[in-house]
Amino acid sequence: MKNSLHRILTALTILLLFPVAIAVVYEYVRISDSEEMITTVYKNQLESIVSSVNSYAQDVAGTWALRVEQWLKLPNDSTVLQRLINENSSILAIYTTVGGSTNVLYESQQSESSVAYVDQILDTEAGTIDQLLAYNSSNYRKFQSYPLNNDRQMLCFIGNDANEQPVICWVEIALHQFLQNHLAPRIQAIATESFVIALRDTSHSAPLIVSEMEGERSYTYDQEGDMWLFPSVKIGISLKTQTISDIAGKRVKEGLVLMVIVLIVLLAGSWFVYSSVRREILLARIKSEFISNVSHEIRTPLALISMYIETLEMGRVKSADKVEEYYGVIGNETRRLTEMVNRILGFSKMEKGKHSYHSVVCDFNTIVEAVLTTYHLRLVEQDFDLQYTPTAGLPKVLCDKEALAQALINLVDNAMKYSRDSKVIEVSTGRYKQWVYLQVKDHGQGIARKHQKLVFDKFYRVTNRNLAHEVKGTGLGLAIVREIMQAHKGRVTLQSRPGEGCTFRLYFKAVKDSFKA
Ligand code: ADP
């Protein structure tokens, strides 16, 4: 049996666990691939949001440039310029530089004149200005910004006058106000429920503008990009509730949990298959033992019967007493054989559910007493001391009298068979809650814990104490007791310690109306 089990275990390992291990490794590799993919997809999405914020700022500056250029073409009409200033409170000043000299078109009263700063840029950044002029001649307008201080920025671009001559234009901007007025509503709209978008000055970690203010934030972003218009400003963007690595991590975790569940299910399945096969093998073994037991048990009485009959037939036995004794033996052995065959057939009927029980309300003690009285002679013959202690006033039970008698006989029979030298058997009745019980206690060899559940299985016999080999049996006695108790919706319990005997209890449900206070 050990060999077959080993073979099964090896087969299970190869057939189930090996493919599972491969699947687990494959899934693990796939998870890290998809983690990378998720990260890339999100990064791309965040990047496109950064671009969209930038192009919006660019558009605002573009419209301003168009309006300044409109004035350049019609310098006598100052309404365009006036409207531009009125509508955009972030504009602090507007200058133009023509032929090396800088003209003031507008200067707000709050800020001091930046003409000197413009001239300084013209001196130091001549190369960049030339580049802007070159772009302009290719019909492309580029903006260049120069910071005056943290908040004030000088935006430089090229416009064309009425004669299509390039003019260097300067718009001085209050940066924070510009971001607040033009970009804050925009980033709010883009951010919606999913993102946090922030604009910050490179010199500060705290943002100038952020799409949401609630809660503490650590100001680290999944993606950061430069603002094209003002390089000193960064656009930071994150997912609102979780970071990209959170999302990827969650995916990995879910994958792992799934793998663990699959593994557990497979292991449980393997264990189930293993234990079912083990049980089947055990059953096959005890079935074959049963057959050899039964054959042995049938052969012995048959041999005795035929021997006595032959002796009688030969007419060798002269004394009448001897003849009577021989007939007695033949009768006893025949009864024993019939009993055994009946027991096997009866059990098979019970198992198939074909046995019909005739339950009636009856007095427990009366039945037990009647059975013990008929059995008494057999006990005495084998020097057993039967001590019966009934509990008076028990409620009535609904049971099949014959079935109860058979269960009791099987238990007493076993007590006799497995008692060796201690020949005291105690039978008692009692009540526990809504149950009435019958107890059979012996002081024999007992049953080890690991066999206690199994002895109720059909054909199961405890072999390691080898008494079962000496003692005849079919392994059906306790299986019959359990069948009977199940049919009565009752139960059978066993308490035992090796060497200290066994206590079996049969619990029957008491009939409700028969309870006495
Ligand atoms: P059997 O025909 O072998 O007696 P049972 O089903 O009646 O079959 O019992 C199953 C096994 O349980 C027995 O083989 C024996 O090993 C063990 N057993 C049953 N009753 C007792 C008992 N009173 N004391 C010790 N062992 C017992």
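**Figure 1. Backbone and side-chain atoms facing the ligand oxygens.** In this predicted model, a backbone N or O atom of Leu478 is placed 2.8 Å from an oxygen atom of the ligand. The protein covers 99% of the 530 Å² of accessible area that the ligand has on its own (Shrake-Rupley method, 1.4 Å probe; for residues, only the protein chains shown count as cover). Val462 also has a backbone N or O atom 3.2 Å from a ligand oxygen. For Arg461 the side chain is involved: one of its N or O atoms lies 2.4 Å from an oxygen atom of the ligand.

The model is predicted, so local features need pLDDT of at least 70 and side-chain atom pairs count only at pLDDT 80 or more, while totals for chains, interfaces and linings use all residues. Residues are numbered from 1 along each chain as its sequence is written, and side-chain values use heavy atoms, with hydrogens and water left out.

**Figure 2. Residues around the ligand.** There are 20 residues around the ligand, counted when one of their heavy atoms lies within 4 Å of it. Asn414, Tyr418, Asp442, Arg461 and Leu478 come nearest.

**Figure 3. Division of the protein chain into domains.** Domain 1 spans 2–176, domain 2 192–241, domain 3 246–333 and domain 4 356–514; the bounds come from an automatic or database domain assignment. Between the C-alpha centres of domain 1 and domain 3 the distance is 87 Å.

**Figure 4. The interface of domain 1 and domain 3.** Contact (heavy atoms within 4.5 Å) joins 18 residues of domain 1 to 16 residues of domain 3. The two domains bury about 1600 Å² between them, 86% of it on carbon and sulfur atoms; buried area is the accessible area (1.4 Å probe) that two parts lose on being put together, summed over both. The rule finds zero salt bridges across this interface (a side-chain nitrogen of Lys or Arg within 4 Å of a carboxyl oxygen of Asp or Glu).

Key. Polar contact = N/O pair within 3.5 Å; in protein donor to acceptor, adjacent residues only side chain to side chain.
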